[in-house]
Amino acid sequence: MYVPQIPDILPYAVPFFFVTVILESLITRHERPKKYEIRDTAASITMGIGSLVSGILNKIFVVWLLFGAYENFRIFTIPFTWWAWVLILFADDICYYFLHRYGHEVRFLWASHIVHHSSQKYNLSTALRQTWTGNFFTIVFYLVLPFFGFHPLMILTQMSVSLIYQYWIHTETIYKLPVWFEAVMNTPSHHRVHHGSNPLYLDRNYAGIFIIWDRIFNTFQSELPSEKAVYGLTTNIKNYNPIYIAFHEWIALFKDVFTSKTSFLNRLKYLVKPPGWRHDGTGVTSEDMRKQWLESKRVKPLN
Ligand SMILES: [Zn+2]
Ligand SMILES: [Zn+2]
């Protein structure tokens, strides 16, 4: 099979990221520090650079796994044709949806993904705030692709395309786009909801490129004018040290696993249960917060 030479496109996008972050910070300069704050942006950029470095280190492992699955287990052989690129656009995006969803619902995956949600700002630099540790788990969610016969190079290229697509949606400068676009594609409006810590917005809109997965799997929430997103975590870290941002949830998680006075099984549950879960029943998860909020909004019947 003919395999074209495709370089990794992500490094080519980096100068575009820097230029547009500077442009957006200038456009919104009258709203500082509400929209942009130097130490917040500096932390996000440092996280982005660290993530690129960890991604490069991790690449050997990823390429080895993808080729291993492709060469030993594939059931089809999908050539590099136009329809294959259309197929992988959707196939990769559904893998991303589940990776992202479990990244919120399983604590040891959240320990990595929390990084991306740790800023209380929402601007293009927030997109660069990426994990240093998650790259090692990500690939598991994509192994189904080489199994179906997508070539590893095609998969890696599409993963970079997806990451680049998700960059521009981290902005408040675009309100809503045409209805048809909002219906199908992930947009700044949909992703603002995803970064909101409001109970109504928690764990919604996991989409990468297409919002359709959230609509299909019942995790969609539109941005309401009456509910302005409050960005960040339900308990914010208020810390700009990149090392702390990268590892604070790992430390909290291991503390729960190793020091909780409970059974071995319960301690292990800290790894796989949703963030907020506690073995003694005192924990509050996103789902609990959402339910409590919806309950409080319910109009009481008059009697
Ligand atoms: Zn997320
Ligand atoms: Zn985001």
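Helices here are DSSP runs of H or I with at least four residues, numbered from the N terminus. The exercises below concern a predicted model.

**Exercise 1. Locate Lys 238 and state whether it is buried or exposed.**

Step 1. Lys 238 sits in the loop between helix 11 and helix 12 (242-259).
Step 2. A residue is exposed if 12 or fewer other C-beta atoms lie within 10 Å of its own, and buried if there are 20 or more.
Step 3. Lys 238 has 9 other C-beta atoms within 10 Å, so it is exposed.
Step 4. Its backbone has a positive phi of about 45 degrees, although Lys 238 is not a glycine.

**Exercise 2. Do the same for Asn 205.**

Step 1. Asn 205 belongs to the loop between helix 10 (188-195) and helix 11 (212-216).
Step 2. There are 25 C-beta neighbours inside 10 Å, so Asn 205 counts as buried.
Step 3. The phi of Asn 205 is also positive, near 55 degrees, in a residue other than glycine.

**Exercise 3. Describe the overall fold and check the chain against the globule rule.**

Step 1. The chain has 14 helices and zero strands.
Step 2. For 303 residues the globule rule gives 19 Å, and the radius of gyration is 20 Å; the two are close, so the chain is as compact as a globular protein of that length.
Step 3. The C-alpha trace spans about 70 × 55 × 45 Å along its principal axes.
Step 4. Buried residues account for 31% of the 303 residues.
Step 5. Of the contacts with a separation of 6 or more, 71% are between residues 24 or more positions apart.

**Exercise 4. Check the lengths of helix 8 and helix 14, then state how far each is covered.**

Step 1. Helix 8 (residues 152-165) has 14 residues, which at 1.5 Å a residue should span 20 Å. Its end C-alpha atoms are 20 Å apart, in agreement.
Step 2. Helix 14 (residues 286-297) has 12 residues and should span 16 Å; its end C-alpha atoms are 17 Å apart, which agrees.
Step 3. In helix 8, the buried residues include Pro 152, Ile 155, Met 159 and Val 161. Among the elements covering the buried residues of helix 8 are helix 2 (38-73), helix 3 (82-105) and helix 7 (144-148).
Step 4. Helix 14 is hardly covered, and its count of buried residues is zero.

**Exercise 5. Describe how helix 3 and helix 8 pack.**

Step 1. Two packed helices are described by the angle between their axes and the distance between the axes.
Step 2. Here the axes come within 10 Å and cross at roughly 65 degrees. The crossing of helix 3 and helix 8 is right-handed.
Step 3. Helix 3 brings residues including Ala 84, Ile 88 and Asp 92 to the meeting, and helix 8 brings residues including Met 154, Ile 155 and Ser 162.

**Exercise 6. Which elements give two or more residues to the largest nonpolar core?**

Step 1. This core has 20 residues, and those with the most contacts inside it include Cys 95, Leu 145, Phe 150 and Ile 155.
Step 2. Helix 2, helix 3 and helix 8 each give two or more residues to this core.
Step 3. Helix 3 gives the most, with five residues.
Step 4. Beyond four places in sequence, Leu 145 touches Ala 91, Asp 92, Cys 95, Phe 150 and Ile 155.
Step 5. A second, separate core has 14 residues, among them Ala 43, Leu 109, Val 115 and Leu 128.

Note on methods: Residues numbered from 1 in each chain as written. Chains lettered and ligands numbered in written order. Predicted model: local features only at pLDDT ≥ 70, side-chain atom pairs only at ≥ 80, totals over all residues. Expected span 1.5 Å × (residues − 1). Contact = placed C-beta atoms within 7 Å. Core = buried A, V, L, I, M, F, W, Y, C linked by C-beta atoms within 7 Å. Rg over C-alpha atoms; globule rule 2.2 N^0.38 Å. Axes fitted to C-alpha atoms, helices over the stretch in contact; angles between N-to-C directions. Left-handed = near helix turned anticlockwise from the far one by under 90°.
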